[in-house]
Amino acid sequence: MPKIAKAMSRIISSNSHAPPARATLLMLALGIALSLAACMNDLTPQGRWSSPVTDGEYIYVGNLDGVLVRLNAATHAYDINWLFPYEQDGSTKKPKGLGAIYGAPTVIDDAVYSAGYTCRGNVCEAQAFALTAEGGLPAWISGSHAMKTKIISRLQPTDNGLLVLGTSAVDGEREPKGYLYALHQQPDATRRVAWRVALDGEAWGDAAVNGSMAYIGTDAGTLYAVNLIDDAGFESDPSSRIEWTYNAGGAITGPILAHDNRIYFGDLSGKFYRLHPATGQLDWSFEAGNWVWAKATPDDKTDNIYLGTLGGEIFAIDRNSGTEIWSRKVGGQIVGAPLLFERERNTFTQRLLAVPSGDQDVHIIHVPDGETLGVLSTDQPVKSTPALINGMIYVHTMNGELMWFSPEDQTMQGCVALKDGGRCG
């Protein structure tokens, strides 16, 4: 995956017309980024970013080797007969990882969809796939051979039977630098790729789907609005699906949020944006003061939206005006989205955020005032989004463990090593 320095160079390139003083400051910022990269792991993904999802009966998550696994949601039993990819050893399935699965799985009816990739030097190979929820058997794989690209984003379903995802350049091409792919969900589709639209940069974050439109950002700082409808008129020129683009101040690396008829996203210039989905018109932008990677979390009870940064700050922002309500420093890079949840305290209900930290732990923040009320103690960095499943908060840590905690007293209730199902903690 591209480095922070590369993203910063894109920011500088996009500001090449700036006055000399500003250009000097931008070059200084790049120098600082390069220095920090040496001691901050350069934010290079290492896997373990996949967030757990559930269909009610099972929990699905990508492990540190790039194997999609599942656990029983009630007993947390690790299902060794349900995993992908695998190799057969007699009657036993043995994990055979893709290298890394970064996006959360997508569960639709009786199928589970995911994607992963691995790199050898500068050559990367990726696969998107669908498994039967019942037996974990491949319903389809993206192609007879792996695509030579990187797939980091989650497969997002559409209303017309597609799955959209962003990629980097494909098959060694220099141009275009990335694509938005649309894949057919159905296992009996005559062709897996319905269409693809060329992008001006690599697409790392999840696309957002809002009705007949998909929204995807690139590390070149461009947000695309792409028409999803089935129309033969697009076949000769897939780029005509692009309804509008918006040029942000920096690389757009994280997921896009479509909520309440608005589009929200952040960039590596430290800004957070709200756009109108039909026109791309800017409603407002917020100066976060640090690079924004994590997906924002909306709150319909308060009209707030909660935003984490790579500087370890969490902001509550008024969704209508874009003004700050409060902020709190939790430390570490916030890469996973904050989880909004409620818990009962005596006769009243507390509204809280579970904020993952790239240093360690998940911080519990009180929504009304931003006060810290404790932590879910992981003793490990967390770059995935916590999930509320069956009344417990599940956390996938950077050492490949899945932990679950009681929201009431914040104590750990159990832990499973996702590599082999062994108990931990």
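These legends walk through several close-up views of a predicted model.

**View 1. The largest pocket and its lining.**
Welcome to the largest pocket, which holds about 720 Å³ of space. A total of 37 residues line the largest pocket, and Ser-51, Asp-206, Pro-255, Lys-295 and Thr-385 are the ones nearest its centre. Strand S15 (208–210), strand S19 (257–259) and strand S27 are the elements that each give two or more residues to this lining. Sorted by class, the lining has 23 nonpolar, 10 polar and four charged residues.

**View 2. Strand S16 and its hairpin with S15.**
Next, take a look at S15, a strand that also appears in the pocket lining. S15 and S16 pair antiparallel over three bridges, with Val-209 facing its bridge partner Ala-214 in S16. Two residues sit between these strands in the hairpin, and Gly-211 in the turn has a positive phi of about 65 degrees. Five of the five residues of S16 are buried, so this strand is largely enclosed by the rest of the structure. Try following the side chains along S16: Met-213, Tyr-215 and Gly-217 point one way, while Ala-214 and Ile-216 point the other way. In general, side chains in a regular strand alternate between the two faces of the sheet.

**View 3. The S16 and S17 hairpin, with Asp-219.**
Moving along the chain, S16 pairs with S17 in the antiparallel sense over five bridges. Here Gly-217 has Leu-223 in S17 as its bridge partner. This hairpin has four residues between its strands, and Gly-221 takes a positive phi near 90 degrees. Asp-219 belongs to the loop between strand S16 (213–217) and strand S17 (222–227). Is Asp-219 buried or exposed? Asp-219 counts as buried, because its relative accessibility is 1% and the cut-off for buried is under 20%. The Asp-219 side chain reaches the backbone nitrogen of Glu-202 at 2.9 Å.

**View 4. An open sheet of four strands.**
The strands in this sheet follow the order S7-S8-S9-S10 and pair antiparallel. At the edges stand strand S7 (106–108) and strand S10 (138–141); each has a single partner strand, so one side of each lacks a neighbour in the sheet. From one strand to the next, the twist averages 25 degrees. S7 is joined to strand S8 (residues 111–120) by three bridges, and Ile-108 stands opposite Ala-111 in S8.

**View 5. Gln-333 in its loop.**
Finally, meet Gln-333, found in the loop between strand S26 (324–329) and strand S27 (339–345). Gln-333 is buried, with a relative accessible area of 8%. Its side chain makes a polar contact of 3.4 Å with the side chain of Lys-383.

Key. Residues numbered from 1 in each chain as written. Predicted model: local features only at pLDDT ≥ 70, side-chain atom pairs only at ≥ 80, totals over all residues. Heavy atoms only, no water. Buried < 20%, exposed > 50% of the residue type's maximum accessible area, 1.4 Å probe, protein only. Polar contact = N/O pair within 3.5 Å; in protein donor to acceptor, adjacent residues only side chain to side chain. 1 Å grid on protein atoms, 1.4 Å probe; cavity = no way out; pocket = protein on both sides within 12 Å on 5 of 7 lines; lining within 4 Å. Points joined across faces, edges and corners; volume = space filled by probe spheres on them. Nonpolar A, V, L, I, M, F, W, Y, C, P; charged D, E, K, R; others polar. Pairing = 2+ DSSP bridges. Axes fitted to C-alpha atoms, helices over the stretch in contact; angles between N-to-C directions.
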